[in-house]
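Here are some worked exercises to try with the model open in your viewer. Attempt each task on your own, then follow the solution step by step.

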Amino acid sequence: PSLDIAGNQLSIGFWLKPSKIPQPNSFITKGKHGFGIIMENSETLEFYVHSDKRISAKAKVGSDFYENWHHIAGIYDGSRLQLFIDDKPVAQTSFTGKISDTPFPLCIGREAETQDQGEYSGRMSKMIIDDVRIFDKAVSLTELKSDTTNAVLALDFENDKKEGDFF
């Protein structure tokens with residue numbers, strides 16, 4: 001499965017225990033001009049896709065957001081972007097269009113387009129993340145949390161499995 005998602009659907013979900021930092025906090029990104037979920041600033045959570053311009057669903061976080069575990073999800077179903085915190089919809093933006101294809105890798109804890117070229121020297125992220133799931137289609141929150149078979153990326157940092165040899 002490819003992480004070069006450039007269609008008109010996308011689902012991202014993960015468990016997160018964020019820490020507050022004074023600059024943007026990157027959680028999951030595929031470049032600044034692809035897609036991702038970040039803290040735009042210390043108060044604003046953002047799920048974005050790029051398609052000629054950046055389209056975002058943004059929400060202010062509550063006082064209990066930092067140093068606590070939350071399930072974060074962003075779902076783009078071809079007609080709107082929805083952002084969820086702990087299964088509750090917190091933001092939505094209407095949009096129809098395809099996600100821009102970028103040459104940048106999918107990153108956890110950084111944004112490769114502007115933070116990976118040697119010109120960035122600050123902290124990129126401060127968080128603990130687990131159970132990352134990415135789908136190249138819109139899925140339900142239940143499927144986002146439980147389905148690892150149909151995800152284009154499913155990472156569980158609690159369990160190690162050896163599947164093949166790595167050189």
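**Exercise 1. Find the salt-bridge partner of Lys145 and say how exposed the two residues are.**

Step 1. Please keep in mind that you are working with a predicted model. Start with the side chain of Lys145: its salt-bridge partner is Asp87, and the closest N and O atoms are 2.8 Å apart.

Step 2. Locate the two ends. Asp87 sits in the loop between strand S7 (80-85) and strand S8 (88-94), whereas Lys145 belongs to helix H2 (residues 141-146). The pair links distant parts of the chain, 58 residues apart.

Step 3. Check the accessibility. Lys145 has a relative accessible area of 32%, so this residue is partly exposed. Asp87 is partly exposed as well, with a value of 36%.

**Exercise 2. Work out which elements the salt bridge between Lys58 and Glu40 ties together.**

Step 1. Begin with the contact itself: the closest N and O atoms of Lys58 and Glu40 are 2.6 Å apart.

Step 2. Assign the residues to elements. Lys58 lies in strand S5 and Glu40 in strand S3 (residues 35-41), so the salt bridge ties together parts that are 18 residues apart in sequence.

Step 3. Add the exposure. Lys58 is partly exposed at 40% relative accessible area, and Glu40 is partly exposed at 29%.

Step 4. Place S5 and S3 in their sheet. This is an open sheet of five strands with antiparallel pairing, in the order S5-S4-S3-S2-S9. Strand S5 (53-60) and strand S9 (107-108) are the edge strands, each pairing on one side only.

Step 5. Look at the S9 edge. Strand S2 (residues 25-29) pairs with S9 in the antiparallel sense over two bridges, and Ile28 stands opposite Ile108 in S9.

**Exercise 3. Decide whether Asp131 and Arg133 are buried or partly exposed.**

Step 1. Recall the cut-off: a residue counts as buried under 20% relative accessible area.

Step 2. Apply the cut-off to each residue. Asp131 has 22% relative accessibility and therefore counts as partly exposed. Arg133 has 7%, so this residue counts as buried.

Step 3. Connect the two. Their side chains meet in a salt bridge, at 4.0 Å from N to O. Across the model, the count comes to seven salt bridges.

**Exercise 4. Trace the sheet that contains S6, and describe how S6 is covered and paired.**

Step 1. Write down the strand order. Six strands form an open sheet, S8-S7-S6-S1-S10-S11, and the pairing is antiparallel. S8 and S11 each have a single partner strand, so one side of each is left without a neighbour in the sheet. On average, neighbouring strands of this sheet are turned by 15 degrees against each other, direction ignored.

Step 2. Turn to strand S6 (residues 70-76), where seven of its seven residues are buried. His70, Ile72, Gly74 and Tyr76 point one way, while His71, Ala73 and Ile75 point the other way.

Step 3. Follow the pairing with S7. S6 and S7 run antiparallel over five bridges, and Ile75 has Gln82 as its bridge partner in S7. The two strands form a hairpin with three residues between them. In that turn, Gly78 has a positive phi of about 95 degrees.

Step 4. Follow the pairing with S1. Strand S1 (residues 10-18) pairs with S6 in the antiparallel sense over seven bridges, and the partner of Ile12 in S6 is Gly74.

Step 5. Carry on from S1 to S10. Seven bridges join these antiparallel strands, with Lys17 standing opposite Ile128 in S10.

**Exercise 5. Describe the largest pocket by its volume and its lining.**

Step 1. Take the volume: about 430 Å³ of space lies in the largest pocket.

Step 2. List the lining. The pocket is lined by 13 residues; Ala154, Leu155, Asp156, Lys161 and Glu163 lie nearest its centre.

Step 3. Sort the lining by class. There are five nonpolar, two polar and six charged residues.

Step 4. Relate the lining to the strands. Strand S10 (127-135) and strand S11 (153-155) each supply at least two residues of the lining. In the sheet of Exercise 4, S10 and S11 are the last two strands in the order as written.

Note on methods. Residues numbered from 1 in each chain as written. Predicted model: local features only at pLDDT ≥ 70, side-chain atom pairs only at ≥ 80, totals over all residues. Heavy atoms only, no water. 1 Å grid on protein atoms, 1.4 Å probe; cavity = no way out; pocket = protein on both sides within 12 Å on 5 of 7 lines; lining within 4 Å. Points joined across faces, edges and corners; volume = space filled by probe spheres on them. Helix = DSSP H or I, 4+ residues; strand = E, 2+ residues; numbered from the N terminus. Nonpolar A, V, L, I, M, F, W, Y, C, P; charged D, E, K, R; others polar. Pairing = 2+ DSSP bridges. Buried < 20%, exposed > 50% of the residue type's maximum accessible area, 1.4 Å probe, protein only. Axes fitted to C-alpha atoms, helices over the stretch in contact; angles between N-to-C directions.
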